[in-house]
Structures are given as C-alpha cells and as structure tokens.
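Trainee: I am new to this structure and would like to go through some of its features slowly, asking each time what the wording rests on.

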Amino acid sequence: AAFRTAYLGRGLGGVEAALERAAVEEASGERREAAVRRLWDEDWHGARDLVRRLAAAYAPLVALFGGERTHSLRDLAAAHVAVAEALAAVPDPVPDAATAPAAAASPLWQGEAGRSAAELFTGLAAEAMPELALAARDYPDLYRNLIASLNVRPRVPVHPRLAIWGPFEARLQQPDVLILGSLNDGTWPEAADPGPWLNRPMRRALGLPSPEEKIGLAAHDFTMLLGAERVYLTRAEKMDGVPTVPSRWLLRIRALLDGFGLAERLAPAQPWLGWSRHRDAIPARRTIAEPAPRPPVEDRPRKLSVSGVETWIANPYAIFARHILKLEPLPRLGEPPDASLRGAIVHEALSRFSKAHPDALPADPAGVLLAMARDVLEGYTGHPRVAAFWLTRLERFAVWFAATEPERRRGFATIVSEVKGEIVVPAPGAPFKLTARADRIDIGSGKAGALRITDYKTGAIPPDARVVAGAAPQLPLEAAIAAMAGFAGVPAREVWELRYIRASGGEPPGEERTVAVEDRTVAALAGAQLDRLAVLVTRFDDPATPYTALRRARFSYDFDPFAHLARVGEWSADDVAEE
C-alpha cells in the first residue's frame, strides 16, 4: 500500500518514511486506493514491526556502509553473513525449558547452494586470506564477481537413470548415453577473455598462460567425451529470440565429415526436432477479434472530462473498463518517479504562481516561481536529493517563464488557473455532462476583452493539425465550455486564442505555441468539436454500438492500462486501423 505510488525514498529510512506517510494519508482519508482502504490497524502495526526487524537485521552492514572509510574484506564478509543469517532465520515456537534442543544451524547453509555459499565465505574469512581493504560501496561488485563463477549442482540424482555433470566430472564416468548440450560458440567453448587488468602482451611478458589455453582444455574435455558408446550433440539455435553461432567444434566436425562424404552421420537417428515442433503445432489457427462489449444504455457513462473524450475517440474499450466496469489500474510496487509526477509538480507550481499573482507579476518572478516549485517538489518527495535533481530543470524553465511572461500578460487584466467548468450536451439517452479543469485562462481587459486558454505540457505538444481535425479535442472543448460560461468565475466571452506552454527544462527550457486554426475562428473550431462530441454521444447512446478496443495510427497507446484486458496482443497486427 505504501509503495503503490511514486517511491522517492532511499534505504530503510525511506521505506519507513513512505510507510508513515501512507498511514497518515489513510487516517486522513486522502488515499483512495482500495488496497489501502482494506488495511486494518494490525496490518499497519505488522508493517512497522517488519521495518524495525529489517533495520535490526541490516545493522551490521549499515554500520560499515556509513562514511568513506575502508574496511577489510574479512569484516565486510562477516557483516554480510550476519545479515544473511538474520534474514534467513525462522522463528520457532518457544520450547519447553527442560527439553530445549541445542541451537540449530542457520537454514541459509543447508542444501547444495548453502554448502557452496559456506565454502565461499569460509574462504573469505580464512586467516590465510591476504588482508584486502576496500570501500564498502565496492563490496557488492566484488561479491557479484566472486559468485559469478560458482556452479551449484545437485549431488543427489534427480532421476535414478539421469545425472547432470560438468565436463570434468563426466570424463570420470562411463555412461551408456551421453548428451553434450549448449554447443554454441561463447557457451562451449567460452569466449577467451584476458580480464580487465592484463592484456595479452602483459600476460605473455609475465609468463602467464594465454586466455585461449582454457579453450584448449575445453576441447580436450570435448574430445574425451566423444568416446562414449552413444553421444548426442545438441545446441540452441536461438537464445532469447536471437540466432546463435554453432560451436567451432561442431563446425569442424561437420567440415571433416563433408570431406569424407559422411555428412549424413550428423543427422539425428530420430526426428527429435520434428516431434518437438509437432507437439506445439496448432492444427487450425483461430483468429480472435478484438473485444466489443455492448452494455445497456443506462450503464453507459453520462459524464466525461475533456481529456476522457480523447480517450473515448482513440480507444472506447478504455472508457468501458474505467467508467462502466469501474476498474482502476493498481499502481506498480516501488514505481520510480516518472514524467506524470513531474508534470503534476509543474502544473501545481504554475497554478500556485498564477493564483498568487493573477493581476501583476512580482518583482522577481523567476525566484518566486522557483520557490513555489521547490515547496511543491519537496512536498511530493520529502527527499532533498531527488528535489535537487528535478529542480535543475525547473530552474531553467523558471528563468525562461519569467522572461516571457510579461509579454504574455500584455493586454490581459487577470488570470485564473485550475478552474473547473462543465456544460450539458443534449443526447438521445439522457443529458451528457462535459467537464474540464483548465490549466490557465487569461481574461482580457474591459468588458469586451477576449479569453485565451492555455494548457501546460511537460511532454510533446500535439501538432495543430491534430487539434483542428479533432484528434486532440481538449483545448477546443474547453473553448466551447468557456463560450457557454461554463467555467466558474470566467465571464462568457469570445475565446481569442488556444495556446500550449511546454515546460521541458531542457534545450530549449520552455516552448510556447498558439494553435493555428487555419481560416476559421476559435469559436468555429470549438463549435465544430462540440458537434463532433454530440455525434459521438448519440452514436454510443445506441445499444448496438460497441466499446471496441482500437489501435489507430493517429493516436498513441503507450499508456493504455487496459491493454491486457483488451487482449491487444492477440488480435492486433502490424497494420493498425484507420477511421
């Protein structure tokens, strides 16, 4: 529950802060996710207790990772073992004092993997090990490199007639049938790697063996294994969907047999591959169409926002899932801060600035905006390092905004921001309510002053052609609401301009663009978009009209949370639909 939001913490301290913040929001009723509402008081106590026990378990490593001091490898390994044993400990019921058994060994060291790990850490803690001092932050990389070459093989056969061995172990056995697998170049034999410290001339000067010597030893193992009574040579033709290269030994055997006219000897005695493909073969492929539910008219939504109208046009199934089935996507656990959160922060900062200074700019607009952005950002994150990272982009945008804002306000008396509005659209089924929250509306001077509607963006600005054609209907619909006095506190006046302001913080730090409405007025564009909406509402008031899952080239579906429910991968193809 605490992490189904943008997680901006660090370490167990960040986990504890996120947990307490979620508990406060739950107690105040600010969190609306069902997953949070289902938590009881004992759940919160259990979560806090878990964080406390994790902090106690990780204390040995946390003590070493603080600061810039170096530590011996032996001390780091001992702290690592202490933490691992604490995490692997299983609480047992309290035994009878008279019959209490001796403390059992940690389950961490049980089994083949446990024995391999015990051997590794015993070697690191050995007195004969040279004293190696290193910074704690370098220990994870060193540990990963040490365990990368360890192989854990079961000593107990998984089947009485089947055994899995390494090349050297297999040479010591006399099996009836031997299967040599993974005969791909780079796997068997492995690629020759001189290592990161010494190149080949250095190794030769020091009298060290060449990296290719390992390939020679592997080739010796391979040739010795070919002496079994029956040998099967196998390899994977693809790995992760990428074609592989056969082992050089397979290529040489094939070339040798070709020279003797015995190439057919490499053909399998049985069609193993054909049998495998036949097992997965589909005799008749059934093409499944995209879902097209047709709910009763009384269950269909009678209210949408202007941004929801664009979703309705692009993908009606998403409207069906969200507004009819009442489904809400569950945020992923520990989701890092993304563009949507940064956009929310920019919107909130600009809204506060406009509300604080609706009529005249302050003496230092860049400083005031940046102070508000910092306040909003720290309120979202509670993490100064993250705040500092994002503030560098906000600083560049604030300077650009302060330099260009006086010209934007010329001829306008006041500004309203984050203002709610709504109108009612007549429809056959029942009146349909269109809602909006305008980022910014500039109100012209005088009684006849025109309006200008602005939408803030942190991502890409839609092309003018999409706005005019109705594929991006948000601003034209907001203009229609404004023309009908649908925004609270905004007089019913003509909308003069539709405009986007992009707050990127990059190069350039900001961008301003007025929508070119071609040879018509903004009022005409708004009226045409309102007519399109009326046609859309009328069409979906027909019970025969389905909420079809669509994929159209004119729209982006990168952030469709209901794609898995719509089974997009089953029916979509390279060619997408067009109207």
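Trainee: How do the residues of the lining of the second largest cavity divide into nonpolar, polar and charged?

Mentor: Bearing in mind that the model is predicted, the lining of the second largest cavity divides into six nonpolar, no polar and three charged residues. Its lining residues are Arg300, Pro301, Arg302, Trp312, Phe432, Val537, Phe540, Asp541 and Tyr547, and about 50 Å³ of space lies in this cavity.

Trainee: What makes Arg300, Arg302 and Asp541, which line that cavity, count as charged?

Mentor: Asp and Arg belong to the charged class, together with Glu and Lys, and the lining has three charged residues.

Trainee: Why is Phe540 called buried?

Mentor: Phe540 has a relative accessible area of 4%, and buried means under 20%, so the value of 4% earns Phe540 that word. Phe540 lies in helix α19, which covers residues 522–540, and although Phe540 and Pro428 are 112 residues apart in sequence, they are 9.8 Å apart in space, C-alpha to C-alpha.

Trainee: Why is Leu87 called partly exposed?

Mentor: The relative accessible area of Leu87 is 42%, and since buried means under 20% and exposed means over 50%, with partly exposed in between, Leu87 is therefore partly exposed. Leu87 has its place in helix α4, residues 73–88, and together with Tyr58 and Val62 it forms a nonpolar patch on the surface, with about 260 Å² of accessible area together.

Trainee: How do you know which classes of residue line the largest cavity?

Mentor: The lining consists of Val346, Ala349, Leu350, Leu369, Leu370, Ala373, Leu394, Phe397 and Ala398, and because Ala, Val, Leu and Phe count as nonpolar, the lining comes to nine nonpolar, no polar and no charged residues. The elements that give two or more residues to this lining are α14 (339–356), α15 (365–381) and α16 (384–409), and the largest cavity holds about 60 Å³ of space.

Trainee: What is the volume of the second largest pocket, and which residues are the closest to its centre?

Mentor: The second largest pocket has a volume of about 1,500 Å³, and of the 44 residues that line it, Arg153, Trp165, Gly166, Pro167 and Trp188 are the closest to its centre. The lining divides into 27 nonpolar, eight polar and nine charged residues, and α9 gives the most to it, with seven residues.

Definitions and conventions
Residues are numbered from 1 along each chain as its sequence is written. This is a predicted model: local features need pLDDT of at least 70, side-chain atom pairs count only at pLDDT 80 or more; totals for chains, interfaces and linings use all residues. Side-chain values use heavy atoms; hydrogens and water are left out. On a 1 Å grid over the protein atoms alone, a cavity is a set of points where a 1.4 Å probe fits but cannot get out, and a pocket is an open set with protein on both sides within 12 Å along at least five of seven lines; lining residues have an atom within 4 Å of a point. Grid points are joined across faces, edges and corners, and a volume is the space filled by probe spheres set on the points. Helices (H or I, at least four residues) and strands (E, at least two) are DSSP runs, numbered from the N terminus. Patches are made of residues with over 30% relative accessible area and no salt bridge: like charges are joined within 9 Å, nonpolar side chains (Val, Leu, Ile, Met, Phe, Trp, Tyr) within 5 Å. Accessible areas come from the Shrake-Rupley method with a 1.4 Å probe; for residues, only the protein chains shown count as cover. A salt bridge is a side-chain nitrogen of Lys or Arg within 4 Å of a carboxyl oxygen of Asp or Glu. Buried means under 20% relative accessible area, exposed over 50%, partly exposed in between (1.4 Å probe, protein chains only).
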